[in-house]
Amino acid sequence: MRALLATSIGVTCATALTLPLAAPAPAAPAKAPVAQAPAAAPAEPAGSTQSMPLRPLPDAVPRATGTPTESMRPAAAQGLLRRDSHRFSLVGVVWDDADAELHGTVQVRTRATGTRKWSGWQSLETHNHDHAADAGTPERESGTVRGSTAPLWVGDSDGVEVRVRSENAGPRSGAAGSAPLPAGLQVELVDPGDDPEQPRAEVTPGAATAVTPPAGTATPATAAQPGALPESAGLTMAAAESSAVNADLAPLGATEISALSKAESEEQAVVGAGAKPFVGPRPGIVTRKGWGADESLRERTFAYTSTVKAAFVHHSATGNNYTCAQAPSVLRSIYRYHVKSSGWRDIGYNFAVDKCGNIYEGRAGGVSKAVLGAHTLGFNTNSMGIAVLGTFSSKNPPAAAVTAIAKLTAWKLGLFGRNPKGKVTLVSGGSGKYKKGAKAKLNVISGHRDGFATECPGIRLYNKLGTARTSSAKLQGR
């Protein structure tokens with residue numbers, strides 16, 4: 001994990017950021033019972049993860065005799081009976097081997113906090129390994145990565161029940177011939193913590209400069225406000241590093257990157273000499289600080305690719321039962337699940353969009369830069385991933401979310417000279433649809449299923465991508 005490429009903070013910013021957050025307090029006088037503690041660093045948002053191992057389900061034993069038969073294989077039916085827990089809002093299931101697929105069904109039901117009300121059974125999407133780092137990369141080969149379902153947002157809960165059945169298992173047992181379930185199954189209960197208490201930063205439109213990163217494997221962060229220390233902006237050192245890579249777009253510690261007009265965005269974009277800058281207006285983007293990312297969770301270095309050739313659209317498969325006010329909590333939960341439960345270095349997506357059309361910074365490294373994500377197995381290099389929060393297999397995505405995809409891609413793809421209505425050829429790093437080294441001709445704005453054999457981003461959202469491409473190109477002035 002530590003072998004990934006690191007960025008440096010700009011000279012001025014680096015000088016500030018490498019200073020101690022607080023000088024050590026002098027030794028206590030001899031008569032004092034306890035020495036005075038150093039000043040505390042700014043606190044990261046709270047949150048937690050509970051892990052509970054799954055066991056063979058008791059209904060694998062026939063009630064008539066109480067004795068299992070030869071045809072019954074409890075390993076093909078595991079779960080957790082109704083169990084009290086600490087409060088949580090998101091649930092997922094993980095297992096030991098990231099290369100092992102769970103061929104079967106995973107269902108959960110939960111109890112609303114402080115009540116006796118249990119939900120109905122809800123299914124989790126089991127093929128989440130396709131939203132992952134590419135094989136052979138330090139992130140994928142770190143030794144901490146586990147197989148995982150997609151997580152499901154269930155709201156404030158304090159009780160859980162789980163059942164996992166192999167695809168050929170009967171309604172009450174693991175039937176003969178059913179594939180065994182992966183080893184080490186456990187349910188993960190994620191509490192996103194409280195929303196950060198912070199005012200929205202006021203950013204003057206046009207005051208910052210957006211730049212396209214040069215072709216290469218790493219882009220250094222630019223200098224933040226000269227002389228600004230992390231604690232002066234209410235930041236930990238890790239949060240200051242995450243914010244500093246956007247310092248050309250917003251002040252250190254900003255909770256939002258402001259929108260710019262098309263003229264302002266084109267003026268500030270770096271394009272080839274004599275080339276027409278087809279760059280859409282920059283949309284407003286909620287920063288990681290804005291949605292309350294705990295920067296102590298992620299890998300501290302940032303990893304980059306040389307450019308951005310394509311955007312892959314996903315759905316988070318976390319369900320649609322959230323309000324837009326809860327979207328930051330959903331993001332914090334997904335982030336914690338990706339890092340603490342699945343073993344990834346950061347949240348997998350580069351950006352997220354909620355049902356109201358709000359756009360959020362995802363993986364750390366800078367919203368205008370070519371940040372390497374873990375969103376489309378085999379095609380993470382030279383691409384970006386956008387996750388719409390929700391599940392769109394049978395429900396249409398809100399128009400606001402489709403519009404947000406168009407706005408974001410018009411700006412970000414424009415920084416790299418890409419036509420949203422065009423095609424691009426990408427070389428696969430190896431996936432369930434394209435073998436390693438295969439060349440795939442894809443839409444510049446593609447759905448996840450175009451690069452991998454998956455239902456993502458859900459057929460209802462996938463069918464809206466044509467609209468997003470047309471709108472995005474129009475915003476670029478094409």
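1. Let's start where two helices touch. In this predicted model, Val402, Ile405, Ala406, Lys407, Thr409 and Ala410 of α6 meet Thr467, Ala468, Ser471, Ser472 and Leu475 of α9. The residues of this contact divide into 6 nonpolar, 4 polar and 1 charged.

2. Now for the geometry of that pair. Helix α6 covers residues 399-415 and helix α9 covers residues 465-475; the two pack at an angle of about 45°, and their axes are 8 Å apart. The helices α6 and α9 are therefore oblique to each other, and their crossing is right-handed.

3. Next, have a look at Gly430, which sits in the loop between β15 (423-427) and β16 (439-443). Its relative accessibility is 21%, so Gly430 counts as partly exposed; the cut-off for buried is under 20%. Leaving aside neighbours within four places in sequence, Gly430 is in contact with Leu377, Gly378, Lys435 and Lys436. Phe452 is 22 residues from Gly430 in sequence, and their C-alpha atoms are 9.6 Å apart in space.

4. Finally, please find Val339 in helix α5, which spans residues 327-341. Val339 has a relative accessible area of 10% and is therefore buried. Not counting residues up to four places away in sequence, Val339 touches Leu297, Trp344, Arg345, Asp346 and Ile347. Of these partners, Leu297 is worth a second look: Leu297 and Val339 are 42 residues apart along the chain, with 6.9 Å separating their C-alpha atoms.

Conventions. Residues are numbered from 1 along each chain as its sequence is written. This is a predicted model: local features need pLDDT of at least 70, side-chain atom pairs count only at pLDDT 80 or more; totals for chains, interfaces and linings use all residues. Side-chain values use heavy atoms; hydrogens and water are left out. Axes are lines fitted to C-alpha atoms, for helices over the stretch in contact, and angles run from 0 to 180 degrees between N-to-C directions. Helices (H or I, at least four residues) and strands (E, at least two) are DSSP runs, numbered from the N terminus. Angles under 35 degrees count as roughly parallel, over 145 as roughly antiparallel, 65 to 115 as roughly perpendicular and the rest as oblique. A crossing is left-handed if the near helix is turned anticlockwise from the far one by less than a right angle, and right-handed if clockwise. Contact means heavy atoms within 4.5 Å. Ala, Val, Leu, Ile, Met, Phe, Trp, Tyr, Cys and Pro count as nonpolar, Asp, Glu, Lys and Arg as charged, and the others, Gly among them, as polar. Buried means under 20% relative accessible area, exposed over 50%, partly exposed in between (1.4 Å probe, protein chains only).
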